[in-house]
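Reader: I should be grateful for a close look at one part of this structure, namely the surroundings of the bound ligand. Please explain each term as it arises.

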Amino acid sequence: TSTMTDAHERSFIMVKPDGVQRGIVGEIIKRFEQRGFKLVALKMVTPTRVLLEQHYDEHQGKKFFEPLLQYIGSGPVVAMVWEGLNVVSVGRKMLGATDPAKSEPGTIRGDFAIVTGRNIAHGSDSDKSAKREIDLWFRADELAVWTNSAERWIY
Ligand code: RTP
Ligand code: MG
C-alpha cells in the first residue's frame, strides 16, 4: 500500500536441469519468497524440443543454440511464475550475470555456478518476454489466484 505501482508484475523463472540435479530448487524458491515475491505457478517438466525452440527463439542460429537446447532439454526443469513490484528486473539481479564468472557473489549464479553453459536458472528479460514465456509454459488455469496476507508488510 505504500507507493505501490505495479505489484502484479510477473516473471517467468525456471530452474534449469543442473539446478534440479544439484538440489538448488529449494534455495532458489527460498530467495524469491524471502525477497517478498509471490509464487503464482510452479511445475516440474522435461521440456520438449518444440517448446525450447520457441522459448529460446531469439537465439536461433547462434552457435550456442544447439548446445543450449541439449542442456535445457536434458532433464526436468522447475518452471515458475513469480509476482511482485519490479519482479522482472529484480529477478534478473537476483540471478546475476549470464556468465557466472561475472556474477556477483550473493546472486544465484554467483553463488552456485561457474560457466555460462551451466548457469542454474532462467529469468525473463523484460515484461514483454515474461508475458510471452508465461503463455508458452503455462495454461491460464495453472496460474493460482490467491492473496498473500503478508503483502501489507512488503508494500
Ligand atoms: P536466460 O535466458 O537463460 O535467463 O539467460 P540470459 O538471459 O542471462 O542469457 P541469454 O543471452 O538469454 O542466453 C540464454 C542462455 O544461453 C546460454 N548461453 N550460452 N556464449 C555462450 O556460450 C552462451 N551464451 C548464452 C546460457 O545458458 C544462457 O543463460
Ligand atoms: Mg535470456
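Author: A polar contact is a pair of N or O atoms within 3.5 Å; within protein, one of the two must be able to donate a hydrogen and the other to accept it, and residues adjacent in sequence count only if both atoms are side-chain atoms. One such pair joins ligand 1 to H122: an oxygen atom of the ligand is 2.8 Å from an N or O atom in the side chain of H122.

Some conventions must be stated here. This is a predicted model, in which local features need pLDDT of at least 70 and side-chain atom pairs count only at pLDDT 80 or more, while totals for chains, interfaces and linings use all residues. Residues are numbered from 1 along each chain as its sequence is written, chains are lettered from A and ligands numbered from 1 in the order in which they are written, and side-chain values use heavy atoms, with hydrogens and water left out.

Two further side chains have an N or O atom at a similar position to be noted: that of R92, 2.7 Å from an oxygen atom of ligand 1, and that of H59, for which the distance to a ligand oxygen is 2.8 Å. In total, 13 residues surround ligand 1, a residue being near a molecule or strand if one of its heavy atoms lies within 4 Å of it. The closest are K16, R92, T98, N119 and H122.

H122 merits separate attention. UniProt, in an unreviewed entry, places the feature "active site" at H122; UniProt positions are given in the numbering used here, feature names are shortened, and annotations may be inferred rather than shown by experiment. The residue belongs to strand β4, residues 121–123; helices (H or I, at least four residues) and strands (E, at least two) are DSSP runs, numbered from the N terminus. H122 counts as buried because its relative accessibility is 9%, where buried means under 20% relative accessible area, exposed over 50%, and partly exposed in between (1.4 Å probe, protein chains only).

Not counting residues up to four places away in sequence, H122 touches F12, I13, M14, K16, H55, Y56, L95, R109 and E133; contact means heavy atoms within 4.5 Å. One of these, F12, is linked by ring pairs with W137 and F138 into a cluster. Rings of Phe, Tyr and Trp (its six-membered ring) pair if their centres lie within 6.5 Å; planes under 30 degrees apart count as stacked, over 60 as edge-to-face and the rest as tilted.
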